[in-house]
Amino acid sequence: MSYPEIRPRRLRRNAAVRRLVSETRVDPAELVVPMFVKEGLTEPRAVASLPGVLQHSRDSLRKAAVEAVQAGVGGIMLFGVPASRDETGSGGIDPNGILNVAIRDVIAEVGDATVVMSDLCLDEFTSHGHCGLLTPDGGVDNDATLAAYADMAVAQADAGVHVVGPSGMMDGQVGAVRRALDAAGHQDVSVLAYAVKYASGFFGPFRDAVESALEGDRSTYQQDPANLRESLREVELDVAEGADMVMVKPALPYLDVVAAVRAAVNVPVAAYQVSGEYAMVEAAAANGWIDRERVMMETLTSIRRAGAQIILTYWAVEAAQLLRQRY
């Protein structure tokens, strides 16, 4: 049979039919909102390059966490912005460091009503801005960094976090974190591995949000944007080391990678719609060039369609609210 008997447009005739036959849906429970908390703030502070995103005070973070739960988001990913930094990033391991304090605050506020996650990396806490400890010649010392990550993981788990997110792209980081958590009695804390993290130009606004001290780049440990097979190898290694979930970062420029990772593993796959992706849409919308809400939802749908079961996005709360209204 052919035209006029076959008419695919019948299934697009109105919104109700399109909704009925939709192949891909984004669910609020699959969205995770990144949140920043800055030590010493008494009021939240806007991040200029991320419209609508805040550096939170401890009090405003608690309120934002409750709002996220009420919207139905699946999780919160916490990032700390310390008042001071040092060469070893000791503030990330200190039980009284801002990130560990924030974890306790959020857990006390929302408990198990959503999944509380924490970034497990030294870059926000080091004076040089790199994700690991440095060698005398200025390189990143992979194995010394693993020991610091192990201590940081235990500190976050002691604070009550549900999921740790090792994001520094050190070789062996998932295994080191998993062993440390288990040895400390935190067998139930999950590991969301940043298994595929590219040396991307899309991270700029995030570095404003965490007030990064980085000079230079991270190309010796984050991945080459040209490589896909390398990403699958990284994923395979992380799963073998005990990752409970794996993540691709960024998302939109790497949808082919998201799809390939989804096909390769049997653990949940996440993707991080990073700050540059978000900021581009916000900037275009502010200039009246695109329909902001429509493009927001279109990007999230594309990431879900590529195979990401979990999406980290700065739009998580707003998108969750919109989705609950629609469905």
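This is a chat about the nonpolar core, some helix packing and two buried residues of a predicted model.

Reader: I'm new to this one, so which residues touch the most other members of the largest nonpolar core?

Author: In this predicted model, the largest nonpolar core holds 101 residues, and Leu78, Val246, Val261 and Tyr272 are the ones that touch the most other members. Helix α4, residues 142-159, gives the largest share of this core, with 7 residues.

Reader: And what does Val246 touch?

Author: Not counting residues up to four places away in sequence, Val246 touches Leu192, Ala193, Ala195, Val235, Val239, Val261, Val265, Val267, Pro268, Val269 and Ala270.

Reader: Val261 came up twice there; which helices meet in the contact that includes it?

Author: Val261 belongs to α8, and together with Val257, Ala260 and Ala264 of that helix it makes the contact with Ser231, Leu232 and Val235 of α7. Helix α7 covers residues 229-241 and helix α8 residues 255-264, and the two pack at an angle of about 40 degrees with their axes 10 Å apart. That angle makes α7 oblique to α8, and their crossing is right-handed. By class, the residues of the contact of α7 with α8 are 6 nonpolar, 1 polar and no charged.

Reader: OK, switching topic: how do α2 and α3 cross?

Author: The axes of helix α2, residues 58-71, and helix α3, residues 98-110, come within 9 Å and cross at roughly 45 degrees, and the two helices are therefore oblique to each other. Their crossing is right-handed. On the α2 side, Arg58, Leu61, Arg62, Ala65, Val66 and Val69 take part, and they meet Ile98, Val101, Ala102, Asp105, Val106, Glu109 and Val110 in α3. The residues of this contact divide into 9 nonpolar, no polar and 4 charged.

Reader: What about α2 and α11: are they roughly parallel or oblique?

Author: The helices α2 and α11 pack at an angle of about 30 degrees, with their axes 9 Å apart, and they are therefore roughly parallel to each other. The crossing of this pair is left-handed. Here Glu67, Ala68, Gln70 and Ala71 in α2 meet Val317, Ala320, Gln321 and Arg324 in α11, and by class the contact has 4 nonpolar, 2 polar and 2 charged residues.

Reader: Which residues of α11 are buried, and what covers them?

Author: In helix α11, which spans residues 316-326, the buried residues are Ala316, Val317, Ala319, Ala320, Leu322 and Leu323. What covers them includes β1, α2 and α10, the last of these being residues 292-306.

Reader: Since β1 is in that list, is Val32 in β1 buried or exposed?

Author: Val32 lies in strand β1, residues 31-38, and it counts as buried because its relative accessibility is 2%. Leaving aside neighbours within four places in sequence, Val32 is in contact with Gly75, Ile76, Met77, Met117, Ile310, Ile311, Leu312, Thr313 and Ala316.

Reader: How far is Val32 from Gly72?

Author: Val32 and Gly72 are 40 residues apart in sequence, and from C-alpha to C-alpha they are 10.0 Å apart in space.

Reader: Last one, where is His130, and what is it in contact with?

Author: His130 sits in the loop between β5, residues 115-120, and α4. With a relative accessibility of 12%, His130 counts as buried. Apart from neighbours within four places in sequence, His130 is in contact with Leu122, Asp123, Val140, Leu214, Glu215, Asp217, Arg218 and Tyr221.

Key:
Residues numbered from 1 in each chain as written. Predicted model: local features only at pLDDT ≥ 70, side-chain atom pairs only at ≥ 80, totals over all residues. Heavy atoms only, no water. Core = buried A, V, L, I, M, F, W, Y, C linked by side-chain atoms within 4.5 Å. Buried < 20%, exposed > 50% of the residue type's maximum accessible area, 1.4 Å probe, protein only. Helix = DSSP H or I, 4+ residues; strand = E, 2+ residues; numbered from the N terminus. Contact = heavy atoms within 4.5 Å. Axes fitted to C-alpha atoms, helices over the stretch in contact; angles between N-to-C directions. Parallel < 35°, antiparallel > 145°, perpendicular 65-115°, else oblique. Left-handed = near helix turned anticlockwise from the far one by under 90°. Nonpolar A, V, L, I, M, F, W, Y, C, P; charged D, E, K, R; others polar.
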